[in-house]
Amino acid sequence: MATIVVDPITRIEGHLRIEAEVADGAITQAWSSATMWRGIETILEGRDPRDAWYFTQRICGVCTTVHALASVRTVENALDIVPPPNAQRIRNLIALSQFVQDHVVHFYHLHALDWVDIVSALDADPQATAELAGSISDYPRSSVGVFRQVKNRLAAFVEGGQLGPFAGGYWGHPAYKLPPEANLMAVSHYLDALEFQRDYIRIHALLGGKNPHPQTYLVGGMATPIDPDSQAAINAGLLAELRKLLKRGLAFVQQAYIPDLLAVASFYKDWASIGRGLGNYMSFGEFPTGTNNPAKEPDTMYLPRGVILGGDLSQVHPLDPTRIAEYVTHSWYSYSSGDATPLAPFNGETVPNFTGPQPPYEFLDTDSKYSWLKAPRYDDTAMEVGPLARMLVAFASGHTRVQEIVGYVLDTLGVGPEVLFSTLGRTAARGVETLLLAERSLEELDQLIANISTGDYRTHNGERWDPKTWPDAAQGFGMHEAPRGSLSHWITIKDKRIEHYQIVVPSTWNGSPRDAKGNPGAYEAALVGTPVAIETQPLEILRTIHSFDPCMACAAHLIDTDGNPLVEVRVS
């Protein structure tokens with residue numbers, strides 16, 4: 001039996017370490033460890049609750065807006081504030097564009113290289129590549145000239161020894177299955193996606209002032225004004241620009257992302273039986289269609305809320321946020337009541353207690369504490385969150401459009417719904433969700449325009465902006481389905497100040513260590529049974545971990561100021 005250490009996992013946000021035992025060519029046990037400490041929660045104590053969103057979106061350089069949204073919802077929930085309809089629509093548009101941009105970046109720039117062999121593309125025939133691309137999509141950049149230009153550009157990189165982000169890949173690994181022409185097509189679209197994501201995210205600049213870290217959130221609404229007669233507000237010209245960007249985004253998803261996803265997946269159907277993981281899925285629901293706080297009216301949301309247990313799609317269980325609690329049994333923290341008892345976020349504690357080895361070290365002591373992530377559990381059960389969880393909950397809840405897109409994907413690949421519980425299913429679900437939400441974004445824009453057309457220009461409810469209107473003490477929580485999964489912020493306000501703040505993020509759910517009962521987190525469970533063809537090149541571990549799209553910066557809430565990460569794979 002060999003133990004493989006991958007530290008850090010690359011092409012993710014933040015630092016993640018995986019240790020895995022391999023026997024007879026497959027993983028038998030795995031451990032997930034975040035190697036950085038979280039600190040934002042303690043920084044917030046004593047501050048004005050209205051400022052919390054501004055600090056929390058600094059948790060991460062990628063997931064900025066998701067923490068801002070969860071935070072304003074948290075304070076609004078505590079103080080019973082209802083933002084006006086225009087603010088809900090603007091927030092939804094920012095969130096929807098975050099989903100589409102983030103998922104495109106993940107598929108092409110973070111995950112595709114697990115399936116696409118860059119070097120193999122040098123053997124492709126541009127004419128045959130154009131014929132292949134034309135057979136699966138009407139994407140306009142599929143000419144012989146485009147593919148020849150990309151091939152020549154790639155050859156120049158290789159010959160010059162300047163592979164840049166492609167350096168260090170496991171090129172030529174036997175687990176790569178795409179023919180050269182499919183690899184060249186994917187490389188070409190990888191480069192196109194760089195241009196697309198840069199252009200598309202201008203939506204955040206138009207509605208949020210800038211990206212990353214939009215500046216227009218407010219407790220009670222948005223600071224984005226609506227005035228048809230002002231050049232510095234939402235007007236007819238800005239709405240037309242938004243529509244143009246949203247349509248361009250939908251076209252890229254329809255013509256490039258979905259056809260590429262299906263083309264790549266058709267060569268890797270064996271991964272439909274690998275990486276199942278926990279089988280338990282949770283979604284908070286997202287995109288309120290009404291005007292009230294979604295925490296109080298979850299049934300009004302476009303994506304439904306619920307829990308699926310044991311992979312049973314015949315029943316979606318209702319979700320009760322009060323059943324969320326976090327263990328620190330195997331986390332580098334200590335609880336005043338003992339580390340074997342989980343604490344609900346309202347009573348959560350963030351007290352570091354590092355007992356791990358001092359670097360350099362060979363292995364973690366996985367029988368003891370081994371991660372800076374806590375272990376959140378719902379009703380004492382480990383959950384997977386993210387696109388697969390959302391699409392499964394929506395599918396099982398009877399969401400018509402989700403069922404249509406999932407049916408199209410399954411029919412095209414010639415497989416049944418059982419393949420959804422896998423690494424491949426996780427990747428496919430993200431594509432399904434991207435198409436769904438790219439379509440939804442145009443509907444949201446129409447609703448915003450329709451409300452403005454009634455003469456309602458309000459974007460902020462300031463009835464309880466003044467702290468004098470607040471109670472002496474209040475508690476609240478804000479739930480948001482971020483691209484990577486279920487995110488929740490929890491606040492206790494006392495004497496107009498933050499007394500207590502806790503954040504439970506998607507990558508904490510998925511990347512958690514074992515709990516007091518020895519139950520693994522989602523990464524750890526999904527890796528068991530994963531084949532490993534070459535132990536010194538564990539490409540298969542990357543495939544399953546990347547299918548979750550980890551964001552350890554969110555989960556750990558702090559960057560490494562030393563800047564000395566180890567980049568190595570060690571095998572014993």
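**Buried helices, nonpolar cores and an antiparallel sheet**

In helix 10, the buried residues are Pro387, Leu388, Ala389, Arg390, Met391, Leu392, Val393 and Ala394, where buried denotes a relative accessible area under 20%, exposed one over 50% and partly exposed a value in between, calculated with a 1.4 Å probe on protein chains only. The model is predicted, and local features are accordingly reported at pLDDT of at least 70 and side-chain atom pairs at pLDDT 80 or more, whereas totals for chains, interfaces and linings use all residues. Residues are numbered from 1 along each chain as its sequence is written, and side-chain values rest on heavy atoms, with hydrogens and water left out. Helices (H or I, at least four residues) and strands (E, at least two) are DSSP runs numbered from the N terminus. Helix 10 spans residues 387-396 and is mostly covered, with eight of its 10 residues buried; just after this helix, glycine 398 adopts a positive phi of about 90 degrees.

Helix 15 (residues 539-546) is likewise mostly covered, eight of its eight residues being buried. The elements that cover its buried residues include strand 1 (2-7), strand 2 (16-23), strand 3 (26-34), helix 4 (85-111), helix 12 (423-453) and helix 14 (522-527). One of the buried residues of helix 15, Ile541, is also, together with Ile9 and Leu207, among the residues with the most contacts inside the largest nonpolar core, which has 159 residues. Such a core is a set of buried Ala, Val, Leu, Ile, Met, Phe, Trp, Tyr and Cys residues joined through side-chain atoms within 4.5 Å. Helix 9 gives the most to this largest core, with 15 residues. A second, separate core comprises 13 residues, including Met282, Tyr378, Met479 and Val504. Apart from its neighbours within four places in sequence, isoleucine 9 is in contact (heavy atoms within 4.5 Å) with Leu16, Ile18, Ile541, Leu542, Ile545 and His546.

Within helix 9 (residues 236-265) lies alanine 256, which is buried, with a relative accessible area of 0%. Residues up to four places away in sequence aside, alanine 256 touches Tyr108, Tyr139 and Ala251. From C-alpha to C-alpha, alanine 256 and aspartate 138 are 8.6 Å apart in space, although 118 residues separate them in sequence.

Strands 12, 13 and 14 form an open sheet in the order 12-13-14, with antiparallel pairing; two strands are taken to pair if DSSP finds at least two bridges between them. Strand 12 (473-482) and strand 14 (497-504) stand at the edges, each with a single partner strand, so one side of each has no neighbour in the sheet. On average, and with direction ignored, neighbouring strands of this sheet are turned by 15 degrees against each other. Strand 12 and strand 13 form a hairpin with two residues between them and are joined by 10 bridges, with glycine 478 opposite histidine 489 in strand 13. Seven bridges join strand 13 (residues 485-494) to strand 14, and lysine 494 stands opposite arginine 497 in strand 14. Eight of the 10 residues of strand 12 are buried, so this strand is largely enclosed by the rest of the structure.

Arginine 50, in the loop between helix 1 (40-44) and helix 2 (52-56), is buried at a relative accessible area of 16%. A polar contact is a pair of N or O atoms within 3.5 Å; within protein, one must be able to donate a hydrogen and the other to accept it, and residues adjacent in sequence count only if both atoms are side-chain atoms. The side chain of arginine 50 makes such a contact with the side chain of aspartate 48 (2.6 Å) and reaches the backbone oxygen of tryptophan 465 at 2.8 Å.

Rings of Phe, Tyr and Trp (its six-membered ring) pair if their centres lie within 6.5 Å, and planes under 30 degrees apart count as stacked, over 60 as edge-to-face and the rest as tilted. The count by this rule comes to 23 aromatic pairs. Tryptophan 53 and tyrosine 217 form a tilted pair, 6.0 Å centre to centre with 55 degrees between the planes; tryptophan 53 lies in helix 2 and tyrosine 217 in strand 4 (residues 217-218), so the pair ties together parts 164 residues apart in sequence. The rings of phenylalanine 477 and tryptophan 490 are also tilted, with centres 5.1 Å apart and planes at 35 degrees, and link strand 12 to strand 13 across 13 residues in sequence. Ring pairs further join Phe107, Tyr108, Tyr139, Phe196, Tyr200, Phe252 and Tyr257 into a cluster.

Notes. Axes fitted to C-alpha atoms, helices over the stretch in contact; angles between N-to-C directions.
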